[in-house]
Amino acid sequence: MTWSEKIIAAHVAVTKNVSHLERLKSDRYFVWQEEGADDFNADNRHCERHMTGTTDLFTKMEFDPWAEQLGESFDAFGISWELNSIQHEKETGFIHYEWVWSV
């Protein structure tokens with residue numbers, strides 16, 4: 001399984017309301033994007049590829065269960081992650097969760 005297939009599978013295990021790079025017209029959805037590589041090099045060789053990125057959950061549901069389910073899904077797929085921030089966007093009414101992950 002490629003890194004992108006693993007990331008997609010982890011999101012889809014929670015919901016099909018997920019997009020790569022673009023917001024959806026919905027009151028509850030995930031958006032993920034890759035941000036770069038944190039590769040391992042040794043003895044002048046590229047030894048291992050390690051992609052990093054973020055996932056954002058936009059929801060209008062207080063204490064949305066998808067937030068916990070995404071962490072559980074990342075764990076199940078062997079994806080390293082941390083919940084980076086939770087913000088309330090007053091203009092839109094969204095609660096905005098952001099995870100940083102690496103795979």
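Is Asp27 buried, partly exposed or exposed? Select it and keep that in mind as you start the tour; Asp27 counts as partly exposed, at 49% relative accessibility. One thing to know before you go on: what you have open is a predicted model.

**Stop 1: the whole chain**

Zoom out and colour by secondary structure. You should find two helices and seven strands in the protein chain. Following the sequence, they come in the pattern α-β-β-β-β-β-α-β-β. Along the principal axes, the C-alpha atoms fill a box of roughly 50 × 25 × 20 Å. The chain has 103 residues, and 37% of them count as buried.

For a sense of scale, draw a distance between the C-alpha atoms of Gln69 and Asn41. The two are 28 residues apart along the chain, and the distance comes out at 33 Å. Gln69 belongs to helix α2 and is partly exposed, at 33% relative accessibility.

Now try a contrasting pick: Val14 and Ser73. These two are 59 residues apart in sequence, yet their C-alpha atoms are 7.2 Å apart in space. Val14 sits in the loop between α1 and β1, and Val14 is buried, with a relative accessible area of 15%.

**Stop 2: the two salt bridges**

Go back to Asp27 and show side chains around it. A search of the whole structure finds two salt bridges, and Asp27 makes one of them with Lys60, at 3.7 Å from N to O. Distant parts of the chain are linked here: Asp27 is in the loop between β1 and β2, Lys60 is in the loop between β5 and α2, and their positions lie 33 residues apart in sequence. Like its partner, Lys60 is partly exposed, with a relative accessible area of 43%.

Next, select Asp64 and Arg28. Their closest N and O atoms are 2.7 Å apart, and the two form a salt bridge. Asp64 is in the loop between β5 and α2 while Arg28 is in strand β2, so this pair ties together parts that are 36 residues apart in sequence. Check the accessibility on each side: Asp64 is buried at 3%, whereas Arg28 is partly exposed at 21%.

**Stop 3: rings, and charges over rings**

Hide everything but Phe, Tyr and Trp. How many aromatic pairs does the structure hold? There are ten.

Start with Tyr29 and Phe58, a stacked pair with 5.3 Å from centre to centre and 25° between the planes. Tyr29 lies in strand β2 and Phe58 in strand β5, so the pair ties together parts that are 29 residues apart in sequence. Both ends are out of the way of solvent by the numbers: Tyr29 is buried at 2% relative accessibility, and Phe58 is buried at 4%.

Bring back Arg23 and look down onto the Phe58 ring. Arg23 lies over its face, at 4.1 Å from the ring centre. You can repeat the trick with Lys60, the salt-bridge partner of Asp27: Lys60 lies over the face of Phe94, at 4.9 Å from the ring centre.

Then select Phe30, Trp66, Tyr97 and Trp99 together. Ring pairs link these four into a cluster.

**Stop 4: the nonpolar core**

Keep Trp99 selected and add Trp101. Which residues touch the most other members of the largest nonpolar core? Trp99 and Trp101 do, in a core of 18 residues. To see where the core comes from, highlight α1 (3-12), β2 (28-37), β5 (51-59), α2 (65-76) and β7 (94-102), the elements that each give two or more residues to it.

**Stop 5: out on the surface**

Switch on a surface and select Trp81, Leu83 and Ile86. They form a nonpolar patch, with about 270 Å² of accessible area together. Leu83 is in strand β6 (residues 80-89) and is partly exposed, with a relative accessible area of 39%.

**Stop 6: two backbone oddities**

Finish with the backbone. Leu21 has a phi near 75°, a positive value in a residue other than glycine. You'll find Leu21 in the loop between β1 (18-20) and β2, where it counts as exposed at 52% relative accessibility.

Phe63 is the other pick, with a positive phi near 55°. Phe63 is in the loop between β5 and α2 and is exposed, with a relative accessible area of 69%.

Note on methods: Residues are numbered from 1 along each chain as its sequence is written. This is a predicted model: local features need pLDDT of at least 70, side-chain atom pairs count only at pLDDT 80 or more; totals for chains, interfaces and linings use all residues. Side-chain values use heavy atoms; hydrogens and water are left out. A nonpolar core is a set of buried Ala, Val, Leu, Ile, Met, Phe, Trp, Tyr and Cys residues joined through side-chain atoms within 4.5 Å. Buried means under 20% relative accessible area, exposed over 50%, partly exposed in between (1.4 Å probe, protein chains only). Helices (H or I, at least four residues) and strands (E, at least two) are DSSP runs, numbered from the N terminus. Patches are made of residues with over 30% relative accessible area and no salt bridge: like charges are joined within 9 Å, nonpolar side chains (Val, Leu, Ile, Met, Phe, Trp, Tyr) within 5 Å. Accessible areas come from the Shrake-Rupley method with a 1.4 Å probe; for residues, only the protein chains shown count as cover. A salt bridge is a side-chain nitrogen of Lys or Arg within 4 Å of a carboxyl oxygen of Asp or Glu. Rings of Phe, Tyr and Trp (its six-membered ring) pair if their centres lie within 6.5 Å; planes under 30 degrees apart count as stacked, over 60 as edge-to-face and the rest as tilted. A charge sits over a ring if NZ of Lys or CZ of Arg is within 6 Å of the ring centre and within 35 degrees of the ring normal.
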